[in-house]
Amino acid sequence: QVQLVESGGGLVQAGGSLRLSCAASGGTFGLHIMAWFRQAPGKEREFVAGISRGGTVTDYVESMKGRFTMSRYNANNTVYLQMNRLNPEDTAVYYCAAKYGGRGTVALDGYNYWGQGTQVTVSS
């Protein structure tokens, strides 16, 4: 029911910033909690950040707190991931994900809608 399209990835120098966007369609955006995951070559997909239906609650992997910020704007069915102080360790394909969730909650897993991913490459 939900289609997700990521954009904003690219090549960036270490220490730089990128903002990823995820545009949702085909569902009621405001009824879904959203998240970002990433997968580096040879590694398992990992949770990066999540946000509640109303955007008032967020959760981040500990190592990313203070560097990455997730936000959502239900008026335009879009979520964002602002990534600052990037380093080569952040190189990965970043995926947007969605699931039904209760108001005021964030989920670490159980997402059933996924985008195609956008490549982020950080040069050293």
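Is aspartate 90 buried or exposed? In this predicted model, aspartate 90 is buried, with a relative accessible area of 2%. Let's keep that residue in mind and walk through the structure around it, starting with the strands.

Strands of a sheet pair through backbone hydrogen bonds, in either the parallel or the antiparallel sense. Here you can trace an open sheet of 4 strands in the order β1-β3-β8-β7, and its pairing is antiparallel. At the edges are β1, residues 3-7, and β7, residues 68-73, each of which pairs on one side only. From one strand to the next, the twist averages 15 degrees. If you look inside this sheet, β3 (residues 18-25) and β8 (residues 78-83) run antiparallel to each other and are paired over 6 bridges. A handy landmark for finding the register is arginine 19, which stands opposite glutamine 82 in β8.

Now follow the chain past β8. Aspartate 90 lies in the loop between β8 and β9. Setting aside residues up to four places away in sequence, aspartate 90 touches Arg38, Arg67, Phe68, Arg85, Val120 and Val122. One of these neighbours deserves a closer look: the side chains of aspartate 90 and arginine 67 meet in a salt bridge, with 2.3 Å from N to O. Aspartate 90 sits in the loop between β8 and β9 (92-100), while arginine 67 belongs to the loop between β6 (58-60) and β7, so this pair ties together parts that are 23 residues apart in sequence. Arginine 67 is buried, with a relative accessible area of 13%. Buried means under 20% relative accessible area, and aspartate 90 at 2% also counts as buried. The pair does not stand alone: salt bridges that share partners join Arg38, Glu46, Arg67 and Asp90 into one network.

What about the other charged pairs? Side chains of opposite charge can pair when their charged atoms come close. The count comes to 4 salt bridges. Within the network, glutamate 46 forms a salt bridge with arginine 38, and their closest N and O atoms are 2.8 Å apart. The partners have unlike surroundings: glutamate 46 is partly exposed at 34% relative accessible area, whereas arginine 38 is buried at 8%. Another salt bridge links glutamate 62 with lysine 65, where the closest N and O atoms are 3.1 Å apart. Glutamate 62 is exposed, with a relative accessible area of 59%, and lysine 65 counts as partly exposed at 44%.

From charges we turn to the nonpolar side chains. In soluble globular proteins, nonpolar side chains tend to be buried together. The largest nonpolar core in this model has 27 residues, and those with the most contacts inside it are Met34, Trp36, Met70, Leu81, Met83 and Tyr94. The elements giving two or more residues to this core are β3, β4 (32-39), β5 (46-51), β7, β8, β9 and β11 (118-123). Apart from it lies another core, of 7 residues, including Ile33, Ala35, Ala97 and Tyr111.

Methionine 70 is a good place to centre your viewer. Leaving out neighbours within four places in sequence, methionine 70 is in contact with Met34, Ala35, Trp36, Ala49, Gly50, Ile51, Thr58, Tyr60, Val79, Tyr80 and Leu81. Among these contacts, Met34, Trp36 and Leu81 are also listed with the most contacts inside the largest core.

Technical notes: Residues numbered from 1 in each chain as written. Predicted model: local features only at pLDDT ≥ 70, side-chain atom pairs only at ≥ 80, totals over all residues. Heavy atoms only, no water. Pairing = 2+ DSSP bridges. Axes fitted to C-alpha atoms, helices over the stretch in contact; angles between N-to-C directions. Buried < 20%, exposed > 50% of the residue type's maximum accessible area, 1.4 Å probe, protein only. Contact = heavy atoms within 4.5 Å. Core = buried A, V, L, I, M, F, W, Y, C linked by side-chain atoms within 4.5 Å.
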